[in-house]
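Welcome! Take a moment to look over the sequence and turn the model around, and then let us walk through it together.

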Amino acid sequence: MAPADTPDRDRLIVALDLPDIRVAEAMVDRLGDSVGFYKIGYQLAYAGGLPLARALVGAGKKVFVDLKLHDIGNTVARGVESLSHLGASFLTVHAYPQTMKAAVEARGSSKVKILAVTVLTSYDDRDLADAGYRFGVRDLVEARARQAQAIGVDGLVCSPEEAAHLRGIVGPEMDLVTPGIRPAGAAAGDQKRIMTPAKAIAAGASYLVVGRPVLDAPDPKAAADAIVAEITAARGS
Ligand SMILES: O=C(O)c1cc(=O)[nH]c(=O)n1[C@@H]1O[C@H](COP(=O)(O)O)[C@@H](O)[C@H]1O
């Protein structure tokens, strides 16, 4: 679970899904003190974004490195070792038992928390059937959450739709990190399992991951402030 004294501002994680470091740095400048936690995922990491992770940490921001690792155990372990030097707070792997075990062992005593991605928020039951799974979203998320907890994973990435159910299963300790966040009226895009910031927090999410509703807003700083205000209202703080 996020420490109780986590500022509401740091419960919003803005996904820097942007094409290059220059554009990402401009967005970070624009968001200023409104955002304290950033996610670097495929788009920016593959465009040279990992040094930016280190720079953001140096500037006092928290960083989530979202590379959703999944490979043979040895390769995952070596990847986690390399990434653990960035100073990031979170690192994602897909929620497969071999992968999760390798990542948890390899993180050792570094401060990075391993998050297991349960079922992507762009998937529904039909997408899982198309991919060959016999479980629907709710059952697969639950099964993976139980495996992740047994393996010692620090937190779960899930949609806010599963947050309340998972809280009841994994208890208060694990971080529940929820993408699929859409303020009222925002376009869903490719997300299929979505909720508003306030509802996600009320459902038990520890952190909200938000990309396009902030990045594409006419005023990204105002959009981030509005989400943090919703978080504050929902937490009653
Ligand atoms: O691991 C993630 O962060 C993630 C998992 C998931 O199931 N769904 C999901 O959308 N994400 C990420 O969360 C962000 C959501 O972005 P927006 O849909 O633009 O708010 C993207 O960077 C996704 O890669």
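A good place to begin is K68, which sits in strand β3. Keep in mind as we go that this is a predicted model. The backbone at K68 has a positive phi of about 40 degrees, even though K68 is not a glycine. Most residues other than glycine have a negative phi, which makes this spot worth a second look. Is K68 buried, exposed or partly exposed? K68 counts as partly exposed because it has 17 C-beta neighbours inside 10 Å.

K68 also appears in the UniProt record: an unreviewed entry places the feature "active site" at D66, K68 and D71. Let us visit the other two. D66 lies in strand β3, which covers residues 62-69. With 26 other C-beta atoms within 10 Å, D66 is buried. Setting aside its neighbours within four places in sequence, D66 is in contact with K39, I40, G41 and T92. D71, in turn, is found in the loop between β3 and α3 (73-83). D71 has 16 other C-beta atoms within 10 Å, so it is partly exposed.

Now for the ligand. How many residues are around it, and which come nearest? There are 17 residues around the ligand, and A15, T121, P179, G211 and R212 come nearest. The shell divides into eight nonpolar, six polar and three charged residues. Strand β8 (207-210) and helix α9 (212-215) each supply at least two residues of this shell.

Let us step back to a wider view. The same UniProt record, again as an unreviewed entry, places the feature "domain: Orotidine 5'-phosphate decarboxylase" at residues 11-227. That span is 46% helix and 17% strand, and its end C-alpha atoms lie 10 Å apart.

What holds the interest inside? The largest nonpolar core has 71 residues. Those with the most contacts inside this core are L12, I13, V14, A116, L156 and L208. Follow L12 for a moment: not counting residues up to four places away in sequence, L12 touches V35, F37, L208, V210, A224, I227, V228 and I231. One of these partners, L208, is itself on the list of core residues with the most contacts.

Next, find helix α6, residues 137-151. Its 15 residues reach 21 Å from the first C-alpha to the last, close to the 21 Å expected at 1.5 Å a residue. Which residues of α6 are buried? They are V137, V141, E142, R144, A145, A148 and Q149. An α-helix has 3.6 residues a turn, so residues three or four places apart point the same way. The cover over the buried residues of α6 includes α4 (97-107), β5 (113-117), α5 (125-130), β6 (155-157) and α7 (160-170). Just after α6, G152 takes a positive phi of about 100 degrees.

Our last stop is A223, in helix α10 (residues 220-235). Why does A223 count as buried? A223 is buried because 21 other C-beta atoms lie within 10 Å, and the cut-off for being buried is 20 or more. Not counting residues up to four places away in sequence, A223 touches P213, V214 and A217. A223 and L31 are 192 residues apart in sequence, yet their C-alpha atoms are 9.5 Å apart in space.

Technical notes: Residues are numbered from 1 along each chain as its sequence is written. This is a predicted model: local features need pLDDT of at least 70, side-chain atom pairs count only at pLDDT 80 or more; totals for chains, interfaces and linings use all residues. A residue is near a molecule or strand if its C-beta atom, placed from the backbone, lies within 6 Å of it. Helices (H or I, at least four residues) and strands (E, at least two) are DSSP runs, numbered from the N terminus. Ala, Val, Leu, Ile, Met, Phe, Trp, Tyr, Cys and Pro count as nonpolar, Asp, Glu, Lys and Arg as charged, and the others, Gly among them, as polar. The expected span of a helix is 1.5 Å times one less than its number of residues. A residue is buried if 20 or more other C-beta atoms lie within 10 Å of its own, exposed if 12 or fewer, and partly exposed in between; C-beta atoms are placed from the backbone. Two residues are in contact if their C-beta atoms, placed from the backbone, lie within 7 Å. UniProt positions are given in the numbering used here, feature names are shortened, and annotations may be inferred rather than shown by experiment. A nonpolar core is a set of buried Ala, Val, Leu, Ile, Met, Phe, Trp, Tyr and Cys residues joined through C-beta atoms within 7 Å.
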